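Colleague: I should like to understand how the terms used for this model are justified. May I ask about them one at a time?

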Amino acid sequence: MVEKYIKMENGNLWTDKRGQGVPVILISGGPGSCNYLEPLSNLIEDICEVIMFDPKGCGRSSYDGNGYDLEDCLQDIENIREGYGLKNWVVIGHSWGADLGLAYSLLYPNSILGYVSISGTGIQNDRDWKDTYNRNKVEIDELKPDFDYEANKIVHRSLIDSWREFIKKPLLLKEISQIDLPSLFIYAENDIRPSWSIKQVSNLISNSRYIEIEGAEHYIWLNKKKELGEVLKPFIKNTGSLV
């Protein structure tokens, strides 16, 4: 394992690299959460080089507080790639991190070998989706990982607002339909979040596959680790073989 700080004008990003092989970046959700994807890295790092990070203002990453929007966040990911001297990599995001990975694939297509969405939320700000999620959150207990650091509420609010502006772009769905990357959308059968928004995005992309893991919850590795690994590893191997 190698820990490294990527220096930038308005903060330093903590990163962690482990394993060898095709490069993979793991993007945690939130937004505003520290990295919590080490268990996911443990599933795949025997076949690839995994890089994880704490977003600015979260966990071990610093931040001067002078504005933080979606484009800044995407540029941070690109700075990590450049900081490690990588030409391109497989992008794997969880929850909101999956949505961030989708935006990254639109803005930096030449940096990506393949894209994986795990338990994403989709291109929507839908009232019915939220109502279903909020009702299920109260009525159904959900397994959650232990977070090493408290979430940054300021970063969360800033990026949520920026994301909601981003998804209003008139040509966004057309741009997503033109993504020409191997893409994998993984969802959990028992996620308390509705799946329709992710199915819609998956069906927009021609080189895409949607897989729902039976009995899994939002943090799929907590109760279906083996099944998740069996889905992820072939995609990473096949995508890496295209280099």
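Colleague: What makes strand S3 and strand S5 a pair, and in which sense do they run?

Modeller: Strand S3 (residues 22-27) and strand S5 (residues 89-94) are joined over 4 bridges in the parallel sense. Two strands pair if DSSP finds at least two bridges between them, so the 4 bridges of S3 and S5 satisfy the rule. Within this pair, Ile25 stands opposite Val91 in S5. Strands here are DSSP runs of E with at least two residues, and helices are runs of H or I with at least four, numbered from the N terminus.

Colleague: How far may I trust such details?

Modeller: This is a predicted model, in which local features need pLDDT of at least 70 and side-chain atom pairs count only at pLDDT 80 or more, while totals for chains, interfaces and linings use all residues. Residues are numbered from 1 along each chain as its sequence is written, and side-chain values use heavy atoms, leaving out hydrogens and water.

Colleague: Why are S1 and S8 called edge strands?

Modeller: The 8 strands form an open sheet with mixed pairing, in the order S1-S2-S4-S3-S5-S6-S7-S8. Strand S1 (2-8) and strand S8 (208-213) each pair on one side only.

Colleague: Why is the pair of Tyr36 and Phe147 called edge-to-face?

Modeller: The structure holds 10 aromatic pairs. In this one, the ring centres are 5.3 Å apart and the planes stand at 85°. Rings of Phe, Tyr and Trp (its six-membered ring) pair if their centres lie within 6.5 Å; planes under 30 degrees apart count as stacked, over 60 as edge-to-face and the rest as tilted. The angle of 85° is therefore edge-to-face. Tyr36 and Phe147 also belong to one aromatic cluster with Tyr219 and Trp221.

Colleague: Which of the words buried, partly exposed and exposed applies to Tyr36, and which to Phe147?

Modeller: Buried means under 20% relative accessible area, exposed over 50%, and partly exposed in between (1.4 Å probe, protein chains only). Tyr36 has 7% relative accessibility, so it counts as buried. Phe147 has 36%, so Phe147 counts as partly exposed.

Colleague: How do you know that a charge sits over the ring of Tyr84?

Modeller: The criterion is that NZ of Lys or CZ of Arg is within 6 Å of the ring centre and within 35 degrees of the ring normal. The charged end of Lys4 sits over the ring of Tyr84, 4.6 Å from its centre. Likewise, Arg60 lies over the face of Trp14, at 3.5 Å from the ring centre.
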